[in-house]
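These are my notebook entries on one structure. I set down what I looked up, entry by entry.

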Amino acid sequence: MTILIGLLSPLSIGLADHIGTNVSRRGRLLAAVLSIYVFTLLSTLILAIWRGGSPTAFDMVLGSCSGVSSGIGLIQLYRGYTTRGTGIVAPVAAVTGAVVPIGVDAIVSGLPSMVVGSGLVVGLIGVWLIGAKDTGAGRDLIAIRHGLLSGFMFGVTSTLLGLTGDDAGIWPVVPGRVVAVAFVLALILIRREEVRPHRGAIPRTVMVGMLGGIGLGAFTLAAQVNLAVAGLFFQMSFGVTVLFQVIFSGERTTRIQQVGFAVATVALALIILG
């Protein structure tokens with residue numbers, strides 16, 4: 001059941017990322033992120049009420065802190081995608097974001113079994129290959145910086161949510177979304193930018209927000225059971241984004257990406273067997 005819930009996270013977040021990237025390319029990046037977070041807050045609140053739970057004050061503090069890290073991570077990711085492309089930003093962010101929760105889980109819970117550990121290593125390789133879209137991009141230090149910062153922040157976000165108690169349910173995500181909304185709104189006001197995204201982008205931000213809430217909720221439930229595995233699944237959303245770009249935008253995959261999908265499938269099998 002944990003595996004199934006964990007897989008719902010990259011599917012939802014991957015589709016949300018695919019739509020959100022296209023929205024951010026229209027301009028007013030911070031306004032688009034703000035709108036996305038408002039509707040993510042709404043969807044997670046609905047899910048939290050439906051799922052129930054008994055979060056402690058510490059769980060809610062962890063969730064609140066995740067709002068700042070996720071806000072910084074999403075802004076950096078979309079900024080990297082829109083200005084430098086996905087070829088370098090995506091794989092760097094994916095691997096960096098997966099390493100953080102895996103490392104924390106090893107410290108808190110001890111090293112995983114040999115089979116699961118092998119699956120995590122293979123999964124990291126698969127995520128990198130899937131994101132390696134532009135093999136001739138060379139060293140783009142700005143893209144690498146965007147990837148490292150967004151990946152690290154997403155890794156911190158997933159770690160904070162994963163450290164919440166098993167009885168907390170999805171509730172810790174709710175204050176995190178409140179903090180994220182306040183954080184992005186403050187940036188907009190400081191920079192004196194537009195608060196509303198472009199009119200035609202609003203329906204898409206609603207969809208992205210709702211899908212993001214489902215993905216975060218599913219991840220939190222899975223991470224409360226196994227942080228390392230859920231963290232890897234969370235970063236597989238980059239591969240799902242590539243897949244949706246192929247299906248809906250007509251983009252072609254490279255041979256490296258095709259190998260990456262196969263490697264990720266092997267990793268998933270190893271984790272399930274373990």
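What share of the contacts in the protein chain with a separation of 6 or more is accounted for by residues 24 or more positions apart? I looked this up first and noted 93%. I keep in mind throughout that the model is predicted.

Entry on secondary structure. I counted 11 helices and zero strands in the protein chain. Reading along the sequence, I recorded the pattern α-α-α-α-α-α-α-α-α-α-α.

Entry on burial. The protein chain has 274 residues, and I found that 52% of them count as buried. I then turned to the largest nonpolar core, which holds 55 residues. The members that touch the most other members are Val33, Tyr37, Leu77, Tyr78, Val184, Leu232 and Phe238. Helix H2 gives the largest share of this core, with eight residues. I add as background that nonpolar side chains tend to be buried together in soluble globular proteins.

Entry on a single residue. I picked Thr220, which lies in helix H8, residues 202-223. Is Thr220 buried or exposed? Its relative accessibility is 0%, so I class Thr220 as buried, the cut-off being under 20%. Setting aside neighbours within four places in sequence, I listed the contacts of Thr220 as Leu161, Thr164, Gly169 and Val173.

Entry on cavities. How many cavities of 30 Å³ or more does the count give? I obtained three. The largest cavity has a volume of about 340 Å³, and 20 residues line it. Nearest its centre I noted Ile13, Leu74, Phe154, Gly212 and Phe234. The elements giving two or more residues to this lining are helix H1 (2-24), helix H2 (29-51), helix H3 (57-84), helix H6 (141-162), H8, helix H9 (227-235) and helix H10 (237-249). The largest share of the lining comes from H3, with four residues. Sorted by class, I recorded 12 nonpolar, six polar and two charged residues in the lining of the largest cavity.

Entry on charge pairing. My count of salt bridges came to one. Which side chains meet in a salt bridge at 3.2 Å, N to O? I identified Arg191 and Glu193. I then looked up the exposure of each partner. Arg191 has a relative accessible area of 47% and is partly exposed. Glu193, at 31%, is partly exposed as well. Both values fall between the 20% and 50% cut-offs, which is why I enter neither residue as buried or exposed.

Notes. Residues are numbered from 1 along each chain as its sequence is written. This is a predicted model: local features need pLDDT of at least 70, side-chain atom pairs count only at pLDDT 80 or more; totals for chains, interfaces and linings use all residues. Side-chain values use heavy atoms; hydrogens and water are left out. A salt bridge is a side-chain nitrogen of Lys or Arg within 4 Å of a carboxyl oxygen of Asp or Glu. Buried means under 20% relative accessible area, exposed over 50%, partly exposed in between (1.4 Å probe, protein chains only). Contact means heavy atoms within 4.5 Å. On a 1 Å grid over the protein atoms alone, a cavity is a set of points where a 1.4 Å probe fits but cannot get out, and a pocket is an open set with protein on both sides within 12 Å along at least five of seven lines; lining residues have an atom within 4 Å of a point. Grid points are joined across faces, edges and corners, and a volume is the space filled by probe spheres set on the points. Ala, Val, Leu, Ile, Met, Phe, Trp, Tyr, Cys and Pro count as nonpolar, Asp, Glu, Lys and Arg as charged, and the others, Gly among them, as polar. A nonpolar core is a set of buried Ala, Val, Leu, Ile, Met, Phe, Trp, Tyr and Cys residues joined through side-chain atoms within 4.5 Å.
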